[in-house]
Amino acid sequence: MIDPQDYAEFSRFLSECCGLVLGENRQYLVSSRLSRLLGEFSFSSVEELLRALRRSPDPTLKSRVIDAMTTNETSWFRDVYPFEILRHVVLPELAEKKRPIRIWSAACSSGQEPYSIAMVLAEWEQSFPPKNIQTSVLGTDLSDTVLAEARAGLYDGLGIVRGLSKERRDRFFETVPNGHRIKPDIQRRVRFQKLNLMESYAALGKFEIVFCRNVLIYFSAETKRRVFDGIARQMEPGGYLFVGASESVGSYTSAFEMVRTPKGAVLRRR
């Protein structure tokens, strides 16, 4: 069992660097998530690793620990309805403004969400041509590991089947010896960038659409408030924010109003 003082200090470290709140009595979670790093960095115990983290300025160690502790659970077209709203409600409305549409997928993990968005864009453009609307997708995450996977666009096993229909797999992927790779015309639509949601977003520019789904569940109320306010500042008035099915922003910011559509609910920037 991790020493209570080590656990408390590690909890503060996670909260400060990436907003994650561990809570009480999660020592087993910490031990299990960090156990794989012990041999890699030649530590004899989790306690030794935590003490080295406290002392060391080594950015690689810090990055690997954050990677191990942050959950990268994702799938294609997760929950379905946000992508239906995007295609049938949001994109047609924003296209009427005849301006470029920039979309941000925050905490994009290994790329399934931003690539799902890019597939929707391709389907939308084909179904109601001509659009002549410039669209782009930015995926951000704080993990170098998952960003490398996202940029590669290569998926196998469970990574290719969760939430992805055979029709979309056949249309948007090519089969390669070690799995399935996103086709270049979809890959070109998405740009990936490292970003910690605890830091400033000002350099990203303005967006018409933001996906920040199932990201802030384990964040403190103050961190949620700061993140949602930061996202609001990067959104154009009338832009749309998608959050997780169990998430709400009303307690943290007044910058958004809920819009109900036949496909489900979405938030709109006031």
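**Figure 1. Helices H3 and H4 pack at an angle of about 130°.** Here we start with two helices of a predicted model. The axes of H3 and H4 sit 10 Å apart. An angle between 115 and 145 degrees falls outside the parallel, antiparallel and perpendicular classes, so H3 counts as oblique to H4. The crossing of this pair, H3 with H4, is left-handed. On the H3 side, the residues that touch are Leu49, Ala52 and Leu53, and they meet Leu61, Lys62 and Val65 of H4. Sorted by class, the contact of H3 with H4 has five nonpolar residues, one charged residue and no polar ones.

**Figure 2. Helix H4 and what covers its buried residues.** H4 runs over residues 59-69. Which of its residues are buried? They are Leu61, Ser63, Val65, Ile66, Asp67, Ala68 and Met69. Two of these names, Leu61 and Val65, also turn up where H4 meets H3. The cover over the buried residues of H4 includes helix H1 (4-18), helix H2 (27-40), helix H3 (46-55) and helix H7.

**Figure 3. An open sheet of seven strands.** Read across the sheet, the strands go S6-S2-S1-S7-S8-S10-S9, and their pairing is mixed. Which strands are at the edges? Strand S6 (190-194) and strand S9 (256-261) are, each pairing on one side only. From one strand to the next, the twist averages 25°. In a regular strand, side chains alternate between the two faces of the sheet.

**Figure 4. Two helices lying across the seven-stranded sheet.** Helix H5, residues 81-95, lies across strand S1 (101-105), strand S7 (207-211), S8, S9 and S10. Its direction is about 175° to that of S7. Helix H7, residues 144-152, lies across strand S2 (135-141) and S6, and runs at about 165° to S6. H7 is also among the elements covering the buried residues of H4.

**Figure 5. Strand S10 and its two partners, S8 and S9.** S8 (residues 235-242) pairs with S10 (residues 264-269) in the antiparallel sense, over two bridges. Look for Tyr240: its bridge partner in S10 is Arg268. S9 and S10 are antiparallel too, with six bridges between them. Here Thr261 has Gly264 of S10 as its bridge partner.

**Figure 6. The hairpin from S9 to S10, with Pro262 in its loop.** How many residues join S9 to S10 in this hairpin? Two residues do the job. Pro262 lies in the loop between these strands. Is Pro262 buried or exposed? With a relative accessible area of 85%, Pro262 is exposed, because the cut-off for exposed is over 50%. Now find His88, which is 174 residues from Pro262 along the chain. The C-alpha atoms of Pro262 and His88 are separated by 9.6 Å.

**Figure 7. An open sheet of three strands.** The order here is S3-S5-S4, and the pairing is antiparallel. Strand S3 (154-155) and strand S4 (173-176) stand at the edges with a single partner strand each, so one side of each has no neighbour in the sheet. S3 pairs with strand S5 (residues 179-182) over two bridges, in the antiparallel sense. To pick out this pairing, find Tyr155, which stands opposite His180 in S5.

Notes:
Residues numbered from 1 in each chain as written. Predicted model: local features only at pLDDT ≥ 70, side-chain atom pairs only at ≥ 80, totals over all residues. Heavy atoms only, no water. Pairing = 2+ DSSP bridges. Helix = DSSP H or I, 4+ residues; strand = E, 2+ residues; numbered from the N terminus. Axes fitted to C-alpha atoms, helices over the stretch in contact; angles between N-to-C directions. Contact = heavy atoms within 4.5 Å. Buried < 20%, exposed > 50% of the residue type's maximum accessible area, 1.4 Å probe, protein only. Parallel < 35°, antiparallel > 145°, perpendicular 65-115°, else oblique. Left-handed = near helix turned anticlockwise from the far one by under 90°. Nonpolar A, V, L, I, M, F, W, Y, C, P; charged D, E, K, R; others polar.
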